[in-house]
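Biologist: I would like a close look at a single part of this model, set out with some care. Please take the interior as the starting point and work outwards from there.

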Protein chains: 2
Amino acid sequence: MKKILKVVKTGGKLIDDEERLEKVLTAFAKIKGNKILVHGGGSMASRVSLNLGIKPQMTDGRRITTALDIEIVTMVYAGWINKKIVVKLQQLGCNAVGLSGADGNVIVSRKRPVGEIDYGFVGDIEKVNSGWIQTLLESGLTPVFSAITHGGDGTLLNTNSDTVAAEVAVAMSEKYDTRLMFCFEKKGVLTDVEKNTSVIPIMNWARYQRAKDEKTIHNGMLPKLQMGFDALRRNVSQVMIGDETILEKNPILFTQLKL
Amino acid sequence: MKKILKVVKTGGKLIDDEERLEKVLTAFAKIKGNKILVHGGGSMASRVSLNLGIKPQMTDGRRITTALDIEIVTMVYAGWINKKIVVKLQQLGCNAVGLSGADGNVIVSRKRPVGEIDYGFVGDIEKVNSGWIQTLLESGLTPVFSAITHGGDGTLLNTNSDTVAAEVAVAMSEKYDTRLMFCFEKKGVLTDVEKNTSVIPIMNWARYQRAKDEKTIHNGMLPKLQMGFDALRRNVSQVMIGDETILEKNPILFTQLKL
């Protein structure tokens, strides 16, 4: 029987809210056994950019990661936020090690090809070095990933943090019974985005398709769900969406994905 | 016989000068066998602070690391500079892994006690986790340290990068024949700071004492020399000071320390 590995993604408003981030990290530190944390960036990169007088570059309404932007997101995500999380986990007795995709060549991406839009320094994941992650886990370490990867050619690449979590979970599934947990500020997938009580406990593929057609789910949730279903198809054993309480032993309110 | 380990410190103007940094990293990547890189911050943190409108806090002419400053140096040193170096080394075929002292609990410091001056978030090194560094080296990885350590109590601490290099070298000396190389923009310890040809090839303890008394060595060099002699006394087998050419196989001009 494979050992259980929990891959937890945290992001959005949980990163910006000191108090809630502390709750997430406290619950995460208490998880027994193998675990990995992947964090998003929150709004700090935009605030730093704004303070430095850098205006976001947009093309057709899409945000472009310029050479200056990748410098700033690397500073903020792989620098401050990553180390702030690692130092807090260390304090909580969890032997965390902060990583970008460049460290130990652990996540290699391909710079998104220039089509109608040139997204700039944005990467789509090609390879996760699962062997080294396993070595770290077996040494009792807890990898903490920022969503900065690299192209192998000296470029750092901004990468979607949900994708980092999903790809890491998929890559680790060969060796572990892997559970992917998307942890954000809401209780789960909601039918009414204003009501935390409107959580859908089980989201299956058919219901997802229907909800997509009928537009009954918040737009921002759709890529996360698609990624979750893809992960289940690629041997991740469980995908959960909810707030920090899903990290506890017997969570009550959350959404579980089923194929 | 112990295996050789080279601990290279790079900093100062080499960090700010893209072209010279590339030379340093190219030479470093070519070093065969076990190696560790420790980097300083250069002037970028000050520039970022300045751009963000933050004024340096001084007490009695000494710089204080405020809560906001530690945020910025962590962003710049552990974020941008560390990852910029790691991604370049990866491109050069060197399997680098960027670390702050918090990662894997690898360097624990004590916040400098408040005496006449409160330096703020500044750390003096107490413990280097040499076992884990050895594990990384034995897995073929090359640790790249920024000079940010932690107190174990959730605080990140700004630490002198020469000290980080010296303390890492000392800690590793139990297991390795350790050579400490201070790599900066000059050819070595100079009798005339303007003339690279005035390199002192061998600096022994007596000459250092004399030079200190007679003020014939640049002030900024004195702590580096003291640290070097201390490292030799604490079982580091060799200490060299020079520019990037000391990383090559048979360097010509440099300063070697002798007790």
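Which residues have the most contacts inside the largest nonpolar core, and how many residues does that core have?

Modeller: This is a predicted model, and what follows is computed from it. The largest nonpolar core has 162 residues, and those with the most contacts inside it are Val7, Val168 and Ala169 of chain A together with Val7, Val168 and Ala169 of chain B. Val7(B) may serve as a close view of this core: leaving aside residues up to four places away in sequence, Val7(B) touches Ile36(B), Val38(B), Ala165(B), Val168(B), Ala169(B), Met172(B), Thr178(B), Arg179(B), Leu180(B) and Met181(B).

In chain A, strand E1 (residues 3-10) is joined by six bridges to strand E2 (residues 34-39), and the two run parallel; within this pair, Val8(A) stands opposite Leu37(A) in E2(A). Both strands belong to an open sheet of eight strands in chain A, ordered E5-E8-E2-E1-E11-E13-E14-E12 with mixed pairing. Its edges are E5 (96-99) and E12 (202-204) of chain A, each of which pairs on one side only, and neighbouring strands of the sheet are turned against each other by 20 degrees on average, direction ignored.

Chain A as a whole comes to eight helices and 14 strands, and its radius of gyration of 18 Å is close to the 18 Å that the globule rule gives for 259 residues, so chain A is as compact as a globular protein of that length. Of those 259 residues, 51% count as buried, and among contacts in chain A between residues at least 6 apart in sequence, 74% join residues at least 24 apart.

Turning to where the chains meet, 33 residues of chain B are in contact with 33 residues of chain A. On the side of chain B that touches chain A, helix H4 (67-91), strand E5 (96-99) and strand E9 (148-150) of chain B each supply at least two residues, with H4(B) giving the most, 13 residues. The residues of that side divide into 12 nonpolar, 16 polar and five charged.

One residue at this meeting of chains is Ala102(B), which touches Lys83(A), Val86(A), Val87(A) and Gln90(A) as well as His150(B) and Leu156(B), again not counting residues up to four places away in sequence. Ala102(B) is found in the loop between E5 and strand E6 (107-111) of chain B, yet counts as buried because 33 C-beta neighbours lie inside 10 Å. The C-alpha atoms of Ala102(B) and Gly151(B), 49 residues apart along the chain, are separated by 8.3 Å.

Conventions: Residues numbered from 1 in each chain as written. Chains lettered and ligands numbered in written order. Predicted model: local features only at pLDDT ≥ 70, side-chain atom pairs only at ≥ 80, totals over all residues. Contact = placed C-beta atoms within 7 Å. Helix = DSSP H or I, 4+ residues; strand = E, 2+ residues; numbered from the N terminus. Nonpolar A, V, L, I, M, F, W, Y, C, P; charged D, E, K, R; others polar. Core = buried A, V, L, I, M, F, W, Y, C linked by C-beta atoms within 7 Å. Buried ≥ 20, exposed ≤ 12 C-beta atoms within 10 Å, placed from the backbone. Rg over C-alpha atoms; globule rule 2.2 N^0.38 Å. Pairing = 2+ DSSP bridges. Axes fitted to C-alpha atoms, helices over the stretch in contact; angles between N-to-C directions.
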